[in-house]
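Let's walk through this protein together, moving from a single pair of charged side chains out to the sheet around it. Please keep the viewer open as you read.

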Amino acid sequence: VSASGSGGSPGGSVGGGGGDASPGQGSIGGGEEAGVAVCSGGRLSVMVGVKQDIGRGVDGIVVTIPFPPAWGVRTATLGANVGSVAWDSQNKTATWTVGRIPGDKAPCLTGDVRLEDNMPPPEGSMALRAGWRLLGQSVSGLRIESLKFDNVGYKP
């Protein structure tokens with residue numbers, strides 16, 4: 001999983017109504033107010049993929065993006081070309097449910113993140129959580145040869 005952020009201009013459209021959100025310029029965008037750097041938000045981009053083909057399908061891919069409380073995130077308008085995205089405004093967390101990676105395109109999540117008014121530019125880094133299932137694989141390497149149930153009242 002890789003993620004990158006870039007700046008936006010404080011006049012871009014937020015909320016899916018069209019408009020011209022400006023592309024980033026290398027850092028989270030904002031301006032200066034009375035000599036103090038302030039930030040209005042920026043762009044988020046996350047792509048997922050499989051490093052090497054292991055011969056089995058990867059399924060149930062879910063990426064969770066918890067935004068640090070110190071960043072002061074107000075809202076995020078996110079969209080994905082594969083799967084669905086849910087924004088939890090109370091916990092400031094985005095959950096991207098990818099499912100299975102299609103063979104014809106790389107799953108990508110993009111969008112705008114807006115901060116509370118007069119917030120300083122975010123510092124530090126954030127961690128993403130990714131979960132998935134490898135079909136037909138066991139992480140431990142254990143395999144069940146047979147399974148036997150006795151005294152089970154089942155009739156096909």
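With which residue does aspartate 59 form a salt bridge, and how far apart are the closest N and O atoms? In this predicted model, the partner is arginine 100, and the closest N and O atoms are 4.0 Å apart. If you trace the chain between the two, you will find that this pair links distant parts: aspartate 59 sits in strand β4, arginine 100 sits in the loop between β7 and β8 (108-119), and 41 residues separate them. Their surroundings can be compared through accessibility. Aspartate 59 has a relative accessibility of 17%, so it counts as buried, the cut-off being under 20%. Arginine 100, with a relative accessible area of 48%, is partly exposed.

Aspartate 59 has another salt bridge to show you, this one with arginine 133, where the closest N and O atoms are 2.9 Å apart. Because aspartate 59 lies in strand β4 and arginine 133 in strand β9, this pair ties together parts that are 74 residues apart in sequence. Arginine 133 is partly exposed, at 48% relative accessibility.

Now look for a salt bridge between other strands. Aspartate 117 forms one with arginine 74, and here the closest N and O atoms are 3.8 Å apart. Since aspartate 117 belongs to strand β8 and arginine 74 to strand β5 (residues 73-80), the pair ties together parts that are 43 residues apart in sequence. Aspartate 117 counts as exposed at 63% relative accessibility, while arginine 74 counts as partly exposed at 40%. Going back to aspartate 59, salt bridges that share partners join Asp59, Arg100 and Arg133 into one network. The count of salt bridges comes to 4.

Let's turn to the backbone. Strands of a sheet pair through backbone hydrogen bonds, either parallel or antiparallel. Strand β4 (residues 58-66) is joined to β9 by 5 bridges, and the two run antiparallel. Here aspartate 59 appears again: its bridge partner in β9 is arginine 133. The two residues are therefore matched both as bridge partners along the strands and as a salt bridge between their side chains, a link that ties together β4 and β9.

Which strands make up the open sheet, and in what order? There are 4 of them, in the order β6-β7-β4-β9, with antiparallel pairing. β6 and β9 are the edge strands, each pairing on one side only. From one strand to the next, the twist averages 10°.

At the β6 end of that order, strand β6 (residues 84-88) pairs with strand β7 (residues 93-99) in the antiparallel sense over 5 bridges. Alanine 86 stands opposite threonine 95 in β7. The hairpin of β6 and β7 has 4 residues between the strands, and in it lysine 92 takes a positive phi near 55°.

Just after lysine 92 you reach threonine 93, which is found in strand β7. Is threonine 93 buried or exposed? With a relative accessible area of 13%, threonine 93 is buried. A polar atom of its side chain lies 3.2 Å from the backbone oxygen of asparagine 91. Leaving aside neighbours within four places in sequence, threonine 93 is in contact with Thr64, Ile65, Pro66, Ala86, Trp87 and Asp88.

At the other edge, alanine 130 is found in strand β9 (residues 129-134), and at 40% relative accessibility it counts as partly exposed. Alanine 130 and tryptophan 96 are 34 residues apart in sequence, yet their C-alpha atoms are 9.5 Å apart in space.

Finally, step back to the whole protein. It has 0 helices and 9 strands. Of its 156 residues, 25% count as buried. Among contacts between residues at least 6 apart in sequence, 72% join residues at least 24 apart.

A word on confidence belongs here too. The average pLDDT of the protein is 73, and 69% of the residues score at least 70. Over residues 1-34, pLDDT stays under 50, and for this stretch the model has 70 contacts beyond four places in sequence.

Notes. Residues numbered from 1 in each chain as written. Predicted model: local features only at pLDDT ≥ 70, side-chain atom pairs only at ≥ 80, totals over all residues. Heavy atoms only, no water. Pairing = 2+ DSSP bridges. Buried < 20%, exposed > 50% of the residue type's maximum accessible area, 1.4 Å probe, protein only. Axes fitted to C-alpha atoms, helices over the stretch in contact; angles between N-to-C directions. Polar contact = N/O pair within 3.5 Å; in protein donor to acceptor, adjacent residues only side chain to side chain. Contact = heavy atoms within 4.5 Å. pLDDT = per-residue confidence, 0-100.
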